[in-house]
Amino acid sequence: MDSHIVVAIDGYSSCGKSTLAKALARELHFIYVDSGAMYRAVALYFIRNQIDPNNNSQVLEALKNIHLNFHSRDYETHVTLNDEEVSSEIRLMPVSENVSTVAAIKEVRHEMVKQQQRMGRSKNIVMDGRDIGTAVFPNAQIKIFMTADPKVRAERRLRELLPKNPTITLEEIFENLAHRDYQDTTRLESPLVRAHDAIILDNTDLTQQEQLLFALSIVEPFLEKK
Ligand code: CDP
């Protein structure tokens, strides 16, 4: 029997999913996949090529021309879009402002989910996103649903973005996170929702080490069973 372990981490925008997922993968020697980076790379392609998300034939044509590649160096996600390294550009505001609209498109989701399922088919994996425990790996052994106070989330994201974008404001980020959460939770196609068997982790007042220990305590019983 195939006994690989899947850890699915879902939750709201900028609540530390990828920080936890990376730390957990490093600790357990699992593969880490940042599914949000895939939607961000697709959104970047749409922006650059002026693809109209409402134009179905443009969307289908774009999907045929998008080739994503992932590699992880020291648990940092490196994404290439048609052989160009886009790992930094996908984190910037123009992509953040468009990604949830692109991620709501059914055909985009079907293609990304197919690729994500392939990545987790036979390996121990930690994947973070919005629909990992509900749509991508509904049978994942471990599901964590993360949340945190919206103001704390915006402050964390501000600290992350300021070095690359010194003019960005807390208000701008706060608005973007709220808007994406709204779009992600209300879209028709696999909206962000807690899987009924996901454990909630509110990390508003937790340090990174504390949240890692919490997650490890959930995963460890599964490692012993193997
Ligand atoms: O890091 P942050 O929480 O800001 O977002 P992300 O994980 O990079 O995801 C960016 C966007 O991609 C989200 O706001 C969603 O619209 C979309 N996404 C999704 O729809 N499904 C996923 N599994 C992952 C991301």
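How many bridges join strand E1 to strand E6, and do the two run parallel or antiparallel? In this predicted model, five bridges join E1 to E6 (residues 125-129), and the two strands run parallel. Within this pairing, Asp10 has Gly129 of E6 as its bridge partner. E1 is also joined to strand E7 (residues 142-147), again by five bridges and in a parallel arrangement, and here Ile9 stands opposite Ile144 of E7.

The two pairings of E1 are set out below.

| Partner of E1 | Residues | Bridges | Direction | Example pair |
|---|---|---|---|---|
| E6 | 125-129 | five | parallel | Asp10 and Gly129 |
| E7 | 142-147 | five | parallel | Ile9 and Ile144 |

Strand E1 itself covers residues 6-11, and because six of its six residues are buried, that is, under 20% relative accessible area, the strand is largely enclosed by the rest of the structure. Val6, Ala8 and Asp10 point one way from E1, whereas Val7, Ile9 and Gly11 point the other way, and the residues of both sets are buried.

Helix H3 (residues 56-65) can be described in similar terms, with Val59, Ala62 and Leu63 as its buried residues. Seen down the axis of H3, these buried residues fall within an arc of 100°, so they line one face of the helix. They pack against helix H2 (35-48) and helix H5 (106-119), while the face of H3 turned away from the buried side carries the exposed residues Ser57 and Lys64.

Terms used
Residues numbered from 1 in each chain as written. Predicted model: local features only at pLDDT ≥ 70, side-chain atom pairs only at ≥ 80, totals over all residues. Heavy atoms only, no water. Buried < 20%, exposed > 50% of the residue type's maximum accessible area, 1.4 Å probe, protein only. Helix = DSSP H or I, 4+ residues; strand = E, 2+ residues; numbered from the N terminus. Pairing = 2+ DSSP bridges. Arc of directions from axis to C-beta. Contact = heavy atoms within 4.5 Å.
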